[in-house]
Amino acid sequence: MHNSRKNTYHAPWTTRVASAFLTTVWFHTIQSWGFVPMHYSSRGVWGGTSVDSNRLSFRECGLSLNVAQQDIKTRESPEPPESEKVDKERTTNRASGDRAVVTRQRRHIARSHVRARDDATSSPSTYEVDVPVIESLLAERTKQWLLREYDIATEIRDQLKTLGVTVYDKERIWTTNPHRRNGWMESVPSVNNCNSVLQVLELHGRERGSMSPTDISFCWNQIAQIVMKDERERILYRGKEKHVLFQPLLDDTTKRMEKLGPKNIVAICHKLAKLVSFCGLDIDDQLWVGLEDQIMKLSPKFQTKEISSTVWALATAKRTSPAVWQKLADVILSKEINEFNSQGISNILWGFAKVRHGASRKLFDYIANAGTPLSTIIENEFSSQEIANTVWAYATINHRSPKLFEEIAKVTVEQLNDGEFYARELANIAWAYAKTGTRSPKLFDTIAEVAMSQDLLDNFNPQN
């Protein structure tokens, strides 16, 4: 049987492409004259495609060239499997999506940082910086980020932190106010300018409708700072008749309790405890119960500094809820001792000894037996007050720890020769060693010599 396909002539691909191109130019030309051949009015250029309009656009006719080229590629290369098509499509979509995200990020990061509008309202010690230097570093950081030199950009950010500058990339701002958390949110821009407790309370009365939970925390922080620094304010608000002025702020804090985050809870506890200590502020039990409930929920998220601050605050305010103290003890025991600094360890021991909670002994053993990490902290970080508080805490619950006391005695002798102790601290150290029956002749001899040589005996009161 004769095979007619062998004698079929196939024009070269260049001829087919040239023919398609000339056909497109010809069709466009006669279309511009307003004339369309009848056989193009109901079918596509290559046939088989229905056309709704009596006239085809140049774009539709221009597709003929693409169709011809695709037809050639199809003849030359086999059809890929369906699975490979799907995988390629997914990869392409994912890559294009990633590129879009990166493009948006790079476009966002390219915007220059500006100083927060309320940064100049902070105290002078927090905003006296060389602004041109800061802006130069920020510009260099942005440049390195766009060049994808992320390690260098991180180093520049760390350098800015050492200069006291915090950068918020999302809001594109920078600030020297360490208490700032919410970017452009400035519902209470003047709270740091209040110079008296009454000004803070009046500001809260005017603006509390627009205050955020963080602003409430700032109000308590400012009040505590004023009371601590100004003796007149401290004396003024010791009177019970003045405590009623705090009630609106106390009520507002209670209402917003569920919206307060871990940092706000710790900050409010700490400042309220200071007001209790300095002014004897009478705080209703409902507020403390609300704070303690939040501590129970959020304490696993606390940083080590926040844990020690909470322990100090609750002990100072004489809050003795067993469940809360047990929860705090469990959180502390889940941490490594080297995660705490010397002040944190001292505050924790002091707080648990102050309330004499049942978990104290297990916690005290855990700290005393920490080994090398604790020894390093005692040797390099412990101050005179932290030494005195630590040994006082062990003696208060009558918990002996000879090895710990021996290490503390060595550090104490070294620091005594530098004259770093007050009379009360020396008295507490001597009392703690005597109370626990820990012998340290060298320590007691050094205490006696320092007390005599530096005339500290004049500073001793009858209790010391």
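Buried means under 20% relative accessible area, exposed over 50% and partly exposed in between, with a 1.4 Å probe and protein chains only. The model is predicted, so that local features need pLDDT of at least 70 and side-chain atom pairs count only at pLDDT 80 or more, while totals for chains, interfaces and linings use all residues. Residues are numbered from 1 along each chain as its sequence is written, and side-chain values use heavy atoms, leaving out hydrogens and water.

**Exercise 1.** State what share of the residues of the protein is buried.

Solution. Of the 464 residues, 42% count as buried.

**Exercise 2.** Determine how Trp 220 and Phe 246 are arranged as an aromatic pair.

Solution. Rings of Phe, Tyr and Trp (its six-membered ring) pair if their centres lie within 6.5 Å, and planes under 30 degrees apart count as stacked, over 60 as edge-to-face and the rest as tilted. The structure holds seven aromatic pairs. For Trp 220 and Phe 246 the centres are 6.4 Å apart with 10° between the planes, and the pair is stacked. Both Trp 220 and Phe 246 are buried.

**Exercise 3.** Explain which parts of the chain the salt bridge of Asp 169 and Arg 141 ties together.

Solution. A salt bridge is a side-chain nitrogen of Lys or Arg within 4 Å of a carboxyl oxygen of Asp or Glu. In the bridge between Asp 169 and Arg 141, the closest N and O atoms are 2.9 Å apart. Because Asp 169 lies in the loop between strands E2 and E3 and Arg 141 in helix H5, the pair ties together parts 28 residues apart in sequence; helices (H or I, at least four residues) and strands (E, at least two) are DSSP runs, numbered from the N terminus. Arg 141 is buried, its relative accessible area being 8%.
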